[in-house]
Amino acid sequence: MCGHLERTTNMKAVMYGAGNIGRGFIGQLFYQSGYETSFIDVAPAVIEQLNTQHEYPVRILYKEGYEESMVKNVSCVDGKDPEAIANAIAEADVMATAVGVNILKFIFGNIAGGLRKRWQDPDKAPLNIIICENLIGADKYLKEEIGKLLNDDEKKLLDEKVGFVEASIGRMVPVQTDEMKGDNPLRVCVESYGILPVDKAAFKGEIPPIKNMVPFTPFEFYIERKLFIHNMGHAFTAYLGSIMGVDYIWQAIENPYVELLVMRAMQQSAIALATRHNVPYIELNDHVEDLLSRFGNRQLGDTVKRVGNDLNRKLNPNDRIIGSLNMCVEQGVVPKYICLAAAAAMNFKYDEVSKKPAEEILTDICKIDKDSDAGKLILEYDAAIKSGKTVEELFKMMK
């Protein structure tokens, strides 16, 4: 891990996105590593408060109690001010994004403008952009889309002087309620997990010193572990919670049948992942056990609605549920528990997609043939859920 390093010169970081992950994880690591951080955001209240206070609290929530510390040396650039954004990027020693997959397309132009300004100084060091988005291939996507806005000479500089570094964000940060914010609207409440695995092979020039950052190669393993074990299990918990009619993730996972169903789905993914990447299954199973415990953290107050929403994305063939299912099929693992996760997702009451016929969701969103083995299982489980079976009855069906 890269530890806290003191520097005699002011190191500067740009954090594109001052939301929960930006402030509650990466911004905190930047501060702990000695950086002066410029956030970029479009929320007027957040911009004003960061520029007035130049600090904000991060509260670590444990199952019992919490601890809080201040993140200092921060400011915020208006995301609607391309010139100010360009100036910040031009001077940065490191940069990160955490804007959300659906917002990425709106920031390509501003990043391109910042790089252009940066390259006016031919001696400027390479810039590494740590990409904290839930999207497989986010590094290639960003580089390709930014490249479309550059001329041939600039594209060469993009290849030589910009590292697009994928990260695996394991810290869980729930929706921040008014109660969590309390006396400070900038407060972010998070769990204690704070490791940041990143793609070691993607860096250009020196790897920037960042506390708790773990450069690793080949990085595809970490990306898939996060998406196909953590994200899949978390979403499955939400979909079972929806069937139960509870509001919070901890309420769902405290049900022993939910815990067993989620655990077995995660273990199926773990077996396939261990086979695909030739890593010890026991390490992945330890990770599964740790996650199940973390899902039960009541203090996080993470909601079923937040974790399960956006079925158009979460049932995509490359995303958490169907991506896990496809990996299992490819590796010879029968994914019956993940098929139940897909069926439960199709019945998620907080998303309009669930009102569509199951076969339509299966074909149009999941891209699964209804006559395939997986397709038949999903439709069978979907019918069982629609008939009103409880999670206990669903568990007994699986045996």
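This passage describes the largest pocket and the salt bridges of a predicted model.

The largest pocket encloses about 1300 Å³ of space. Its lining comprises 49 residues. Nearest the centre of the pocket lie I21, V99, G100, N134 and R306. By class, the lining divides into 23 nonpolar, 15 polar and 11 charged residues. Several secondary-structure elements supply at least two lining residues each: α1 (20-32), β2 (35-41), α8 (220-244), α12 (304-308) and α13 (311-314). The largest share comes from α8, with seven residues.

The structure holds 19 salt bridges. One of them involves R306, a residue already named at the pocket centre. The side chain of R306 meets that of D302, with an N to O distance of 2.7 Å. The two partners differ in exposure. D302 counts as buried because its relative accessibility, 5%, falls under 20%. R306, at 29%, is partly exposed. Elsewhere, salt bridges that share partners join R59, E68, D183 and R187 into one network.

Within this network, the side chains of R59 and E68 meet at 2.7 Å, N to O. R59 has a relative accessibility of 16%, so it counts as buried. E68 reaches 35% and is therefore partly exposed. A further salt bridge links E145 and K148, whose closest N and O atoms are 3.0 Å apart. K148 counts as exposed because its relative accessibility of 53% is over the 50% cut-off.

Terms used
Residues numbered from 1 in each chain as written. Predicted model: local features only at pLDDT ≥ 70, side-chain atom pairs only at ≥ 80, totals over all residues. Heavy atoms only, no water. 1 Å grid on protein atoms, 1.4 Å probe; cavity = no way out; pocket = protein on both sides within 12 Å on 5 of 7 lines; lining within 4 Å. Points joined across faces, edges and corners; volume = space filled by probe spheres on them. Helix = DSSP H or I, 4+ residues; strand = E, 2+ residues; numbered from the N terminus. Nonpolar A, V, L, I, M, F, W, Y, C, P; charged D, E, K, R; others polar. Salt bridge = Lys/Arg side-chain N within 4 Å of Asp/Glu carboxyl O. Buried < 20%, exposed > 50% of the residue type's maximum accessible area, 1.4 Å probe, protein only.
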